Amino acid sequence: MEGTDVVLGLFLEVVSMQLTDSLRMGAIRAKPSSTTVSLHVASPALRAALPANGFHLGPVELDKDGRLATLRLIPTLHPFVPLETRNALQIGGVSVVPTNSHEHVQLLPKMNAPMRMQLLAHLELAGVELSNTFQVAQLVLRSRTPTVQVTLSSQSVGQEETGATCEAALHLDNSARIAELLLNPVR
């Protein structure tokens, strides 16, 4: 990791999961479980300059393909608390989705037992915006790659190798915050 490299950890709840015609994991629709994120900073000097507490997701800018271009994080007074992940999807519904002349099976979780996983994204710290009182108001992170790691581990960093590499397309709400993600495994 370089001096401005960071790893963002975001917990997600699975909305639906598609299986391919060979019953392999296909697209995953997910939404953030929480707006609080973890941020791992490798550089000791940069880590010392940042607020010690957690961060909330702020506004997002997308590239022309609907992928993350920049993300703003807003400091919070509350520390980041990892959520428990679940490595099983309790099926609440099954449907068949036609895509590209193939039919895929789509699994929907039970509402009272969501499957939770963690997205880990390697980003670059592109800037720091200050408030009127010269406190950190926002961190501006820039995407360096179109892929992210999705893992069932609740550890913030170091578990990337146990997860799946996915391309992530984002859907934003009216305030330009992440409402939903479409994760497609890279094979």
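Author: Strands in this text are DSSP runs of E with at least two residues, helices are runs of H or I with at least four, and both are numbered from the N terminus. The structure discussed is a predicted model.

Reader: In which loop is Ala 176 found?
Author: Phi of Ala 176 is near 65°, a positive value in a residue other than glycine. Most residues other than glycine have a negative phi. As for its place along the chain, Ala 176 sits in the loop between strand 11 and strand 12.

Reader: Why does Ala 176 count as partly exposed?
Author: Partly exposed is the class between buried, under 20% relative accessible area, and exposed, over 50%. Ala 176 falls in this class because its relative accessibility is 25%.

Reader: Is Phe 134 buried or exposed?
Author: Phe 134 is found in the loop between strand 8 and strand 9, the latter spanning residues 136-143, and its phi is near 65°, again a positive value in a residue other than glycine. The cut-off for the exposed class is a relative accessible area over 50%. With a value of 67%, Phe 134 is therefore exposed.

Reader: What pattern does the protein follow when it is read along the sequence?
Author: The secondary structure comes to one helix and twelve strands. Read along the sequence, these elements give the pattern β-β-β-α-β-β-β-β-β-β-β-β-β.

Reader: What percentage of the contacts with a separation of 6 or more comes from residues 24 or more positions apart?
Author: One pair with a long separation is His 40 and Val 6, which are 34 residues apart along the chain while their C-alpha atoms are separated by 5.5 Å. Over the protein, among contacts with a separation of 6 or more, the share of residues 24 or more positions apart is 57%.

Reader: Which residues have the most contacts inside the largest nonpolar core?
Author: Buried residues make up 40% of the 187 residues in the protein. The largest nonpolar core has 34 residues, and the ones with the most contacts inside it are Leu 71, Leu 73 and Leu 183.

Reader: Which residues are in contact with Leu 71, leaving aside its neighbours within four places in sequence?
Author: Leu 71 is one of the residues with the most contacts inside the largest nonpolar core. Once its neighbours within four places in sequence are left aside, Leu 71 is in contact with Leu 8, Leu 57, Gly 58, Pro 59, Val 60, Leu 123, Leu 139, Val 140 and Leu 141.

Reader: Which strand gives the most to the lining of the largest cavity?
Author: The count comes to one cavity of 30 Å³ or more, and about 190 Å³ of space lies in the largest cavity. Of the 19 residues that line it, Leu 68, Ala 121, Val 148, Ala 168 and Leu 170 are the closest to its centre. By class, the lining has 14 nonpolar, four polar and one charged residues. The element that gives the most to this lining, with four residues, is strand 8.

Reader: How many residues does strand 3 give to the lining of the largest pocket?
Author: The largest pocket has a volume of about 230 Å³, and its lining holds 14 residues, with Leu 39, Pro 51, Ala 52, Asn 53 and Phe 55 nearest its centre. Nine nonpolar, four polar and one charged residues make up this lining. Strand 3, residues 36-41, gives the most to it, and its share is five residues.

Reader: What is the relative accessible area of His 40?
Author: His 40 has its place in strand 3. The partly exposed class lies between under 20% and over 50%, and His 40 belongs to it because its relative accessible area is 31%.

Reader: How far apart in space are Ser 33 and Leu 10, C-alpha to C-alpha?
Author: Ser 33 is found in the loop between strand 2 and strand 3, where it counts as partly exposed at 23% relative accessibility. Apart from neighbours within four places in sequence, Ser 33 is in contact with Phe 11, Leu 12, Glu 13, Leu 83 and Arg 116. Leu 10 is 23 residues away from Ser 33 in sequence, and the C-alpha to C-alpha separation of the two is 8.0 Å.

Note on methods:
Residues are numbered from 1 along each chain as its sequence is written. This is a predicted model: local features need pLDDT of at least 70, side-chain atom pairs count only at pLDDT 80 or more; totals for chains, interfaces and linings use all residues. Side-chain values use heavy atoms; hydrogens and water are left out. Buried means under 20% relative accessible area, exposed over 50%, partly exposed in between (1.4 Å probe, protein chains only). Contact means heavy atoms within 4.5 Å. On a 1 Å grid over the protein atoms alone, a cavity is a set of points where a 1.4 Å probe fits but cannot get out, and a pocket is an open set with protein on both sides within 12 Å along at least five of seven lines; lining residues have an atom within 4 Å of a point. Grid points are joined across faces, edges and corners, and a volume is the space filled by probe spheres set on the points. Ala, Val, Leu, Ile, Met, Phe, Trp, Tyr, Cys and Pro count as nonpolar, Asp, Glu, Lys and Arg as charged, and the others, Gly among them, as polar. A nonpolar core is a set of buried Ala, Val, Leu, Ile, Met, Phe, Trp, Tyr and Cys residues joined through side-chain atoms within 4.5 Å.
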